[in-house]
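Me: Please take a close look at a single part of this model and explain it in plain terms for a first-year student.

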Amino acid sequence: MALAQTDPTTHPNEQGVLRPSGSRAVLIDGKRASEEVVAKISEAARGLAAQGLKPGLAVILVGEDPASQVYVKSKGKAAVACGFHSVQYDLAATTSEAELLALIQKLNADQAIHGILLQLPLPGRLDPTRVIEAISPSKDVDGLHPVNSGLLAIGDLSRALIPCTPAGSMVLLDKAAKALGVDLSGSEAVVVGRSNLVGKPIAQLLLGRNATVTIAHSRTRDLPATVARADILIAAVGRPEMIRGAWIKPGALVIDVGINRVAGEGQDASGHPKTRLVGDVAFTEALDRAAAITPVPGGVGPMTIAMLMENTLRAATRIAGLGEPSL
Ligand code: NDP
C-alpha cells in the first residue's frame with residue numbers, strides 16, 4: 001500500500017525512511033534495506049571466493065504447497081544472486097521421516113553446504129521438531145534448532161544463528177531508531193505474538209539491546225492498554241489489522257511482521273476476486289500515531305530472505321574457521 005498512493009511527492013532520505021506528507025509517521029523501506037544487505041553479502045562472498053570459499057545453501061521442500069514453492073524458488077534465486085552455491089531438493093509429499101532424516105544427515109556431512117533450510121510447514125505426518133533437531137546447529141540457517149534458540153536466549157550472538165524474520169525486523173528497527181534519534185536502551189518494547197519463529201526471538205533480541213520487554217499473546221488481559229505502553233511495538237500475530245491506530249503510543253516505532261491476505265476490490269484479469277496483503281496493524285490509522293512504521297508489503301517481508309543469505313554467509317565463515325564475516 002503504497003507510499004506512492006499515500007503521497008506521490010514523498011522523497012526518501014539517506015536512511016531509507018520516508019514520510020508521507022500529512023502523516024506523522026515515516027515509513028521504513030524494507031525493500032531498499034534488503035537490497036543493501038544483499039549487496040554487502042555479494043561483496044563479502046566475492047572476497048571469500050578469492051580465498052576458495054563459496055557459501056552453499058541447500059533448501060528442502062517436501063510436498064507441493066504452492067506458497068512454499070514460491071518461497072523456495074525466491075530463496076534459491078537470492079542465493080545465486082549472492083554468488084552462493086545453491087541446491088534445491090524437491091521431495092514428494094509421501095516422503096518418509098527416515099528418508100528426510102537421511103537427506104539431512106547427508107547435507108550435514110557435505111562440505112560444500114553451509115546452510116540447510118527446511119521449508120515449513122511440513123506435511124502433517126512429519127514431525128517438524130524431530131526433523132529440525134536433526135539439522136546440524138552450525139548449518140541451521142533458519143535458527144530454529146534448540147541449540148540456536150538457547151544461544152540466543154543466553155545472549156551469545158557470536159555463536160547463535162538467529163531466525164531470519166526477527167533478525168530482519170531488528171535491522172529495520174535500528175534504521176528507524178537511527179533516523180529518528182531513538183535509543184532502544186531503556187525503552188518500553190511490546191511484542192505481540194509469542195511464536196518460536198518470530199515473537200520469542202524478537203523479544204530476546206530486544207532484551208539484548210536493553211529494552212524493557214513485554215510479550216503479549218492471545219491470553220493477554222488488556223491488549224490495547226499493553227500496546228499503549230510501547231515505545232517500540234512489534235506486531236507478529238497473523239490477524240489482519242487487529243492492532244488499531246488508537247492503541248498506539250504517539251511517537252512509537254512500529255514493526256509490523258504480519259502478512260495477511262484479505263479480499264480486495266474488483267476482479268483480476270482471469271475474473272477471480274482480487275486480494276491484497278495487509279499487516280497486523282491498521283496501517284492508515286497508525287500513520288497518525290507512530291513515528292515510524294514498516295509497510296505491508298515492502299517492510300519486514302523482503303528482509304527475511306536477505307537475512308537468510310546473511311545467515312548462510314555467517315555459517316560458511318564460522319564453519320571454515322574464519323570467524324564473523326565483515327558486513
Ligand atoms: P503464529 O500463529 O505462530 O503466532 C501468532 C501469535 O499471535 C501467537 O503467539 C498468538 O498467541 C498471538 N495471537 C493470536 N491472536 C491474538 C490475539 N487476538 N491477541 C493477541 N495475540 C494473539 O504466527 P507467526 O509468529 O508464525 O507469524 C505471525 C505473523 O507474522 C503472521 O501474519 C505471519 O504471516 C507473519 N510472518 C511474516 C514473515 C515475514 O517474512 N514477514 C515470516 C513469518 C511470519 P498464543 O500463543 O496465545 O496463541
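Reply: Leu57 of strand 3 stands opposite Gly115 in strand 5. The model is predicted, local features need pLDDT of at least 70, side-chain atom pairs count only at pLDDT 80 or more, and totals for chains, interfaces and linings use all residues. Residues are numbered from 1 along each chain as its sequence is written, and side-chain values use heavy atoms, with hydrogens and water left out.

Strands here are DSSP runs of E with at least two residues, helices are runs of H or I with at least four residues, and both are numbered from the N terminus. Two strands pair if DSSP finds at least two bridges between them. Strand 5 covers residues 115-118, and four bridges join it to strand 3 in the parallel sense. Leu57 also stands opposite Ser86 in strand 4. Strand 4, residues 85-91, runs parallel to strand 3 and is joined to it by seven bridges.

Helix 3, residues 66-81, belongs with these strands: strand 3, helix 3 and strand 4 make a right-handed β-α-β unit. Right-handed means that, with the strands pointing away from the viewer, the path from the first strand over the helix to the second runs clockwise.

Next come the side chains of strand 3. Gly56, Ala58, Ile60 and Val62 point one way, whereas Leu57, Val59 and Leu61 point the other way, and all are buried. Buried means under 20% relative accessible area, with a 1.4 Å probe and protein chains only. Because seven of the seven residues in strand 3 (residues 56-62) are buried, the strand is largely enclosed by the rest of the structure.

Another part of the model is a second group of strands. Seven strands form an open sheet with mixed pairing, in the order 1-2-12-9-8-6-7. Strand 1 (17-18) and strand 7 (212-216) are at the edges with a single partner strand each, so one side of each has no neighbour in the sheet. Within this order, strand 2 (residues 26-28) and strand 12 (residues 292-293) pair in the parallel sense over two bridges. Leu27 stands opposite Ile293 in strand 12.

The model also holds a ligand. An oxygen atom of the ligand is 2.5 Å from an N or O atom in the side chain of Ser195. Taken alone, the ligand exposes 930 Å², and the protein buries 70% of that; such accessible areas come from the Shrake-Rupley method with a 1.4 Å probe.

Key. A polar contact is a pair of N or O atoms within 3.5 Å; within protein, one must be able to donate a hydrogen and the other to accept it, and residues adjacent in sequence count only if both atoms are side-chain atoms. Buried means under 20% relative accessible area, exposed over 50%, partly exposed in between (1.4 Å probe, protein chains only).
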